[in-house]
Amino acid sequence: MAAPTPRKFLGRLSLPERTFVADALRAETVGGVLLLAAAIAALIWANTPLRDSYETVSNFHIGFASIGLDLSIQHWAADGLLALFFFVAGIELKRELVAGELRDRKAAALPVIAAICGMAVPALVYTLTVTIGGGSTDGWAVPTATDIAFALAVLAVIGTSLPSALRAFLLTLAVVDDLFAILIIAVFFTNDLNFAALGGAVIGLGVFWLLLRKGVRGWYVYVPLALVIWGLMYNSGVHATVAGVAMGLMLRCTKKEGEEHSPGEHIEHLVRPLSAGLAVPLFALFTAGVTVSGSALTDVFTTPETLGVVLGLVVGKAVGIFGGTWLAARFTKAELNDDLAWPDVFAVASLAGIGFTVSLLIGELAFADNLALTDEIKASVLIGSLIAAVFSGILLKLRVRKYRALVDDEERDEDQDGIPDIYEQDKPEYHLRMAAIYEEKAAEHRRKAQLAGASHDGGDSPA
């Protein structure tokens with residue numbers, strides 16, 4: 001009896017999955033560039049003579065105190081705008097579970113294990129660092145998050161395009177990462193519960209689900225309901241972003257007969273630009289503005305909590321994701337794609353050490369009672385993400401020629417039918433089209449040869 005063929009890890013994606021990943025990451029890349037610009041703007045604003053205005057705007061309150069929503073601009077950005085980010089994350093997770101890389105348990109095991117290890121090891125590195133240094137363990141969750149938008153912005157800046165399998169692996173890591181991040185926020189950073197408000201939020205989510213099941217359509221129904229759910233969730237003591245991911249998970253992400261796109265994909269297409277282009281950059285603008293000085297930079301590497309964050313992002317993420325991936329592949333007997341090597345996996349693992357958006361959010365929640373340490377934690381997130389970006393950028397640049405060759409192979413469409421040739425190698429009609437194309441080219445070259453020969457015979461002989 002023939003032995004079973006080993007399953008390939010980071011193998012070629014199906015065409016629909018490749019198309020979805022390319023579209024999703026294209027939008028994330030644009031959002032990542034905006035996020036990078038917003039972070040730079042925040043740092044400049046907070047470190048110039050205009051720094052007082054930054055504090056004034058960030059702490060300016062607006063809202064309705066009667067319903068518990070009189071919040072600062074910075075607070076609105078963290079609790080309100082980021083709910084959009086987690087709403088999109090919820091849709092992405094739902095799609096991955098029903099139609100993407102996570103729908104097959106065997107295939108999903110490897111990226112899920114990698115993501116879990118990529119969160120557990122940074123938390124362990126942070127805890128060991130602060131335990132040895134005598135610091136607070138409250139920030140253990142800060143270095144566990146990955147910011148895929150920022151990571152893709154780094155790829156865009158350094159001019160590196162990853163093969164689709166590596167891009168899909170990075171996206172799957174980020175989706176699972178977002179799920180566990182929201183669970184951490186919900187479980188470990190929940191204040192005293194207001195059960196009346198929490199019950200109202202749960203009822204609202206039930207109504208949201210029921211309307212979806214009944215096929216009710218219209219933004220004028222769902223947007224007001226979503227705002228009510230968000231307000232109740234905020235007042236319940238559970239972080240309001242949980243409402244976003246819960247509603248995202250309720251959307252249907254499978255297509256019915258006659259549908260070009262599922263409702264989840266359609267709504268994600270509409271909301272993602274708001275999330276990536278507005279919500280997350282504004283959050284960065286009003287969160288990343290920390291004062292940078294020589295002493296502040298020194299403190300990042302001498303204070304146990306901030307050093308733990310830096311080491312968690314730079315060392316913990318790379319070791320956790322790479323180690324988890326290697327161990328999972330070994331015990332599941334999955335073979336790495338022949339076109340890639342384990343250093344490629346390590347480079348992507350290092351890239352996942354860029355933990356900007358969610359790390360900043362968790363840093364604020366973890367040290368809410370210590371504003372001075374909160375700013376230092378923010379600085380450590382920025383520095384750790386920068387080091388991870390530079391380190392992974394160097395590793396990826398070493399393999400850039402290989403990646404370009406693989407991307408060119410994936411995108412080549414010589415028969416110009418809109419489908420990459422690599423997906424048509426087993427189709428007779430593709431080879432017939434290519435034969436016709438080559439025959440036409442051969443006929444053209446024969447005609448040119450005849451013209452060249454006639455010109456040569458009728459011309460003057462060289463002196």
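This briefing describes the overall build, the enclosed helices, the charged pairs and selected single residues of one protein structure. The model is predicted, and every value below was computed from it. The protein has 17 helices and four strands, and buried residues make up 47% of its 463 residues. A search of the whole structure finds nine salt bridges, whereas a search for disulfides finds zero.

**Overall build**

- Taken along the principal axes, the box filled by the C-alpha atoms of the protein is roughly 95 × 60 × 60 Å.
- The accessible surface of the protein comes to about 22800 Å², and carbon and sulfur atoms account for 64% of that area.
- Among the contacts in the protein with a separation of 6 or more, 78% are between residues that stand 24 or more positions apart.

**Enclosed helices**

- Helix 5, which covers residues 148-158, is largely enclosed by the rest of the structure, because eight of its 11 residues are buried.
- The buried residues of helix 5 are Ile 148, Ala 149, Phe 150, Ala 151, Leu 152, Ala 153, Val 154 and Leu 155.
- At the start of helix 5, the backbone nitrogen of Phe 150 has a side-chain oxygen of Asp 147 within 3.1 Å, and Phe 150 is itself one of the buried residues of this helix.
- Helix 9, which covers residues 241-250, is mostly covered, with eight of its 10 residues buried.
- In helix 9 the buried residues are Thr 241, Val 242, Ala 243, Gly 244, Val 245, Ala 246, Met 247 and Gly 248.
- These buried residues of helix 9 pack against four other helices, namely helix 3 (73-98), helix 6 (164-188), helix 7 (195-213) and helix 8.

**Charged pairs**

- Side chains of opposite charge can pair when their charged atoms come close.
- Asp 177 and Lys 317 form a salt bridge through their side chains, with an N to O distance of 2.9 Å.
- Asp 177 lies in helix 6 and Lys 317 in helix 12 (residues 304-332), so this pair ties together parts that are 140 residues apart in sequence.
- Both partners, Asp 177 and Lys 317, are buried.
- A salt bridge also joins the side chains of Glu 259 and Arg 252, again with an N to O distance of 2.9 Å.
- Glu 259 counts as partly exposed because its relative accessible area is 24%, and Arg 252 counts as partly exposed because its value is 26%.
- The side chains of Glu 364 and Lys 378 meet in a further salt bridge, at 3.2 Å from N to O.
- This pair links distant parts of the chain, with Glu 364 in helix 14 and Lys 378 in helix 15 (residues 371-397), 14 residues apart.
- Glu 364 has a relative accessible area of 15% and is therefore buried, while Lys 378, with a relative accessible area of 7%, is buried too.
- Glu 92, Glu 268 and Arg 272 are joined into one network by salt bridges that share partners.

**A nonpolar patch at the surface**

- Trp 219, Tyr 220, Val 223 and Leu 227 make a nonpolar surface patch of about 510 Å².
- Val 223, one of the members of this patch, is placed in helix 8, which covers residues 219-236.
- The relative accessibility of Val 223 is 40%, so this residue counts as partly exposed; this also lies over the 30% relative accessible area that a residue needs in order to belong to a patch.

**A buried serine and two cysteines**

- Ser 359 lies in helix 14, which covers residues 357-366, and Glu 364 of the salt bridge with Lys 378 is likewise in helix 14.
- At 0% relative accessibility, Ser 359 counts as buried.
- With neighbours within four places in sequence left aside, Ser 359 is in contact with Val 142, Ala 145, Leu 313 and Val 381.
- Cys 117 has a relative accessibility of 23% and so counts as partly exposed, whereas Cys 253, with a relative accessible area of 4%, is buried.
- The search for disulfides in the whole structure finds zero, and neither Cys 117 nor Cys 253 is therefore part of one, given that a disulfide is a pair of cysteine sulfur atoms within 2.5 Å.

Conventions
Residues are numbered from 1 along each chain as its sequence is written. This is a predicted model: local features need pLDDT of at least 70, side-chain atom pairs count only at pLDDT 80 or more; totals for chains, interfaces and linings use all residues. Side-chain values use heavy atoms; hydrogens and water are left out. Patches are made of residues with over 30% relative accessible area and no salt bridge: like charges are joined within 9 Å, nonpolar side chains (Val, Leu, Ile, Met, Phe, Trp, Tyr) within 5 Å. Accessible areas come from the Shrake-Rupley method with a 1.4 Å probe; for residues, only the protein chains shown count as cover. A salt bridge is a side-chain nitrogen of Lys or Arg within 4 Å of a carboxyl oxygen of Asp or Glu. Buried means under 20% relative accessible area, exposed over 50%, partly exposed in between (1.4 Å probe, protein chains only). Contact means heavy atoms within 4.5 Å. A polar contact is a pair of N or O atoms within 3.5 Å; within protein, one must be able to donate a hydrogen and the other to accept it, and residues adjacent in sequence count only if both atoms are side-chain atoms.
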